[in-house]
Amino acid sequence: MNKFYKRFLILIVLVLVISGTVIYTTVDINTLKNLTQFKTWSIALAIFAVSLGLFFDGSRLMHLVKISDEKITLYQAVQVIFGNYFLALLTPGATGGAVAQLMFLRHAGVPTGKAAVLVIVRTLLSILFLVLCMPFIFMHDAGIVPGISNDTLMAITLTAFVVIIAIVGGYLDYLVVRIARHTKKERRCKIIAFYRDTKSAIALLAASPKAMLLVFAESGLNLLCIYAIVPCLLLGLGVTDADWYSVMGRMIFLNMLLYFTPTPGGSGIAEGGFVLLFSDTVPAGTVGIIAVCWRLIAEYIPFLIGLYYTLTVFGRDFLNRQLR
């Protein structure tokens with residue numbers, strides 16, 4: 001069995017084990033009663049929410065590419081977005097997502113240096129939006145994580161914000177140059193060339209602050225629409241009196257953590273974190289089922305679409321090389 005099939009099989013088994021465990025450990029005598037009241041229209045509403053989020057994701061990518069003086073089609077942007085979901089779930093820490101975006105952008109004709117910067121900027125803008133939301137979440141939702149004070153969480157958030165500003169300010173480029181000085185001549189030339197392309201692309205982005213502000217807004221809308229899957233599912237269970245500010249705040253907090261988890265696509269940690277954060281919000285015995293439905297709509301369906309696009313464009317042999 002080759003590398004791709006092994007990774008794919010391991011992921012399927014992992015998802016099934018995690019989903020089964022989460023559901024099994026959270027069901028109780030009230031589960032069936034609450035599920036019989038579930039409204040199927042909420043599934044359609046959740047799918048619409050994630051579709052809208054993916055639209056904003058594709059739109060911000062096209063705007064970023066345009067700012068960098070390159071051009072891609074809507075169909076190519078769709079391939080980048082879904083390819084990201086696919087390889088992110090197949091690799092620890094979702095690191096493959098960046099690789100997928102890079103190879104699809106290169107396939108679309110975007111130079112490697114610019115493509116790498118676009119991938120980094122996309123990620124940083126998403127994290128920056130989440131970081132900026134954190135203070136408002138902590139002020140509203142006291143004790144969001146049992147055993148950890150909101151003051152500690154706020155300090156961690158501010159540290160992350162400072163790190164992002166440092167990266168945007170060019171300190172990452174400085175580090176790359178330092179590393180290049182301690183490498184072999186051939187590799188040093190490649191690093192310097194990549195560094196030069198990176199600086200040029202960053203300069204192009206910095207020269208369009210209004211356009212970047214639009215991209216930042218689209219980043220926020222992309223995330224909020226995807227996180228709205230959970231409120232949609234809760235409405236289907238008849239939950240109408242929830243603190244929706246706290247619900248969305250906890251989704252933002254949870255997804256912020258998932259950027260730094262070591263498991264493929266945050267598998268296991270996402271479901272466990274959801275159960276921890278929402279066990280008191282959803283009807284009794286349904287928190288595990290809602291957690292699995294959230295992951296299915298937000299991650300696993302896009303993963304399958306990304307699988308189709310990746311195999312269609314690059315084939316299995318290319319994936320085998322990427323997953324070594």
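Contact here means heavy atoms within 4.5 Å.

**Figure 1. Overall fold of the predicted model.** The secondary structure of the protein amounts to 15 helices and zero strands. Of the 324 residues in the protein, 49% are buried. When contacts between residues at least 6 apart in sequence are considered, 76% of them join residues at least 24 apart.

**Figure 2. The largest nonpolar core and the surroundings of Ile229.** This core comprises 85 residues, and Leu105, Ile229, Phe274 and Trp294 are the members with the most contacts inside it. Helix α6, spanning residues 112-140, supplies the largest share of the core, namely 14 residues. Residues up to four places away in sequence being excluded, Ile229 touches Ala46, Val50, Trp294, Ile297 and Ala298. Trp294 thus appears in the view both as a contact of Ile229 and as one of the core residues with the most contacts.

**Figure 3. Packing of helix α11 against helix α12.** Two packed helices are described by the angle between their axes and the distance between the axes. Here the axes of α11 (residues 229-236) and α12 (residues 244-258) come within 9 Å and cross at roughly 135°. Because of this angle, α11 is oblique to α12. The crossing in which α11 passes α12 is right-handed. On the α11 side, the contact is made by Val230, Pro231, Leu234 and Leu235, while α12 contributes Trp244, Val247, Met248 and Met251. Classified by residue type, the contact of α11 with α12 contains eight nonpolar residues and no polar or charged ones.

**Figure 4. Environment of Arg250 in helix α12.** Arg250 has a relative accessibility of 18% and therefore counts as buried, the cut-off being under 20% relative accessible area. Apart from its neighbours within four places in sequence, Arg250 is in contact with Asp141, Ile144, Leu277 and Phe278.

**Figure 5. Environment of Gly306 in helix α14.** The helix that holds Gly306 covers residues 287-313. Gly306 is buried, its relative accessible area being 0%. With neighbours within four places in sequence set aside, the contacts of Gly306 are Phe82, Gly83 and Phe86. The view also includes Ala100, which lies 206 residues from Gly306 along the chain; the C-alpha atoms of these two residues are separated by 9.6 Å.

Technical notes:
Residues numbered from 1 in each chain as written. Predicted model: local features only at pLDDT ≥ 70, side-chain atom pairs only at ≥ 80, totals over all residues. Heavy atoms only, no water. Helix = DSSP H or I, 4+ residues; strand = E, 2+ residues; numbered from the N terminus. Buried < 20%, exposed > 50% of the residue type's maximum accessible area, 1.4 Å probe, protein only. Axes fitted to C-alpha atoms, helices over the stretch in contact; angles between N-to-C directions. Parallel < 35°, antiparallel > 145°, perpendicular 65-115°, else oblique. Left-handed = near helix turned anticlockwise from the far one by under 90°. Nonpolar A, V, L, I, M, F, W, Y, C, P; charged D, E, K, R; others polar. Core = buried A, V, L, I, M, F, W, Y, C linked by side-chain atoms within 4.5 Å.
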